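Visitor: I'd like to go through this one label by label. Could you show me the model and tell me what stands behind each term?

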Amino acid sequence: MSRRLKSANTISATAQLNLRTTKAMFFVNEALEAATQDIFAEITFTAAENSPVLDKATSERYPGENRDSIASKVTQVKKGVKATVTTHSGFGGWLELGTKKTAAQPYLFPAFEEHIGALPEAVKERLEDLAGD
């Protein structure tokens, strides 16, 4: 009889642990997503500030077209969060990496490097905020 009781307690404890683990993972994922949103917003802002801008409009492009097309997207995926920063101008990659005829004018990767190191601390702060609620 004690064996059954011991097994029942073990199962119960495991179930409670799993429930707590699931709840904890929910809070970790919420904190990770919120912190990533914040950091990638900063990356997007800095990339836009550093994006090369034409002096005057051409028949194909207007000044600030690439800058205005920079956007970030953060989504939850099974194993955490996926975040991207992209341009929709059609020539942002050429500006970033250069071509045979034009030198590279990096603006995306330097912005990423400047801010991505703050992500762990931002996640920690978000977790502390959630724990305080």
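Guide: Sure, let's start with a term: a polar contact is a pair of N or O atoms within 3.5 Å, where one must be able to donate a hydrogen and the other to accept it. Keep in mind that this is a predicted model. The backbone nitrogen of Gly92 lies 3.3 Å from a polar atom of the Ser89 side chain, so the pair falls within the 3.5 Å limit.

Visitor: What makes the pairing of Ser89 with Asn66 a polar contact?

Guide: Their side chains come to 2.7 Å, and the limit is 3.5 Å, so that pair passes too. Ser89 sits in the loop between strand S2 (80-86) and helix H3 (92-97). Leaving aside neighbours within four places in sequence, Ser89 touches Glu65, Asn66 and Ser69.

Visitor: Is Ser89 buried or exposed, and how do you know?

Guide: Its relative accessible area is 14%. Buried means under 20%, so Ser89 is buried.

Visitor: Why is the link between Arg126 and Asp38 called a salt bridge?

Guide: N to O, their side chains are 2.6 Å apart. The cut-off is 4 Å between a Lys or Arg side-chain nitrogen and an Asp or Glu carboxyl oxygen, so the pair qualifies. Arg126 belongs to helix H5 and Asp38 to helix H1, 88 residues apart, which makes this a link between distant parts of the chain.

Visitor: And what makes Glu60 and Arg61 a salt bridge?

Guide: Their closest N and O atoms are 3.9 Å apart, and anything within 4 Å counts, so they are in. The structure holds 3 salt bridges; another one joins Arg67 and Asp68 at 3.2 Å.

Visitor: Why does Glu60 count as exposed, but Arg61 as partly exposed?

Guide: Exposed means over 50%, and Glu60 has 63% relative accessibility, so it gets that label. Arg61 is at 29%, between the 20% and 50% marks, so it is partly exposed.

Visitor: How do you know that Met25 can belong to a surface patch?

Guide: Patch residues need over 30% relative accessible area, and Met25 has 44%, so it clears that bar. Met25, Phe26, Phe27, Val28 and Leu127 make up the nonpolar patch, with about 400 Å² of accessible area together. Helix H1 (residues 2-50) gives the largest share, 4 residues.

Visitor: What about the inside: which residues have the most contacts in the largest nonpolar core?

Guide: Ala47, Ile70 and Tyr107 do, in a core of 16 residues. H1 supplies its largest share, 6 residues.

Notes:
Residues are numbered from 1 along each chain as its sequence is written. This is a predicted model: local features need pLDDT of at least 70, side-chain atom pairs count only at pLDDT 80 or more; totals for chains, interfaces and linings use all residues. Side-chain values use heavy atoms; hydrogens and water are left out. Patches are made of residues with over 30% relative accessible area and no salt bridge: like charges are joined within 9 Å, nonpolar side chains (Val, Leu, Ile, Met, Phe, Trp, Tyr) within 5 Å. Accessible areas come from the Shrake-Rupley method with a 1.4 Å probe; for residues, only the protein chains shown count as cover. Helices (H or I, at least four residues) and strands (E, at least two) are DSSP runs, numbered from the N terminus. Buried means under 20% relative accessible area, exposed over 50%, partly exposed in between (1.4 Å probe, protein chains only). A nonpolar core is a set of buried Ala, Val, Leu, Ile, Met, Phe, Trp, Tyr and Cys residues joined through side-chain atoms within 4.5 Å. Contact means heavy atoms within 4.5 Å.
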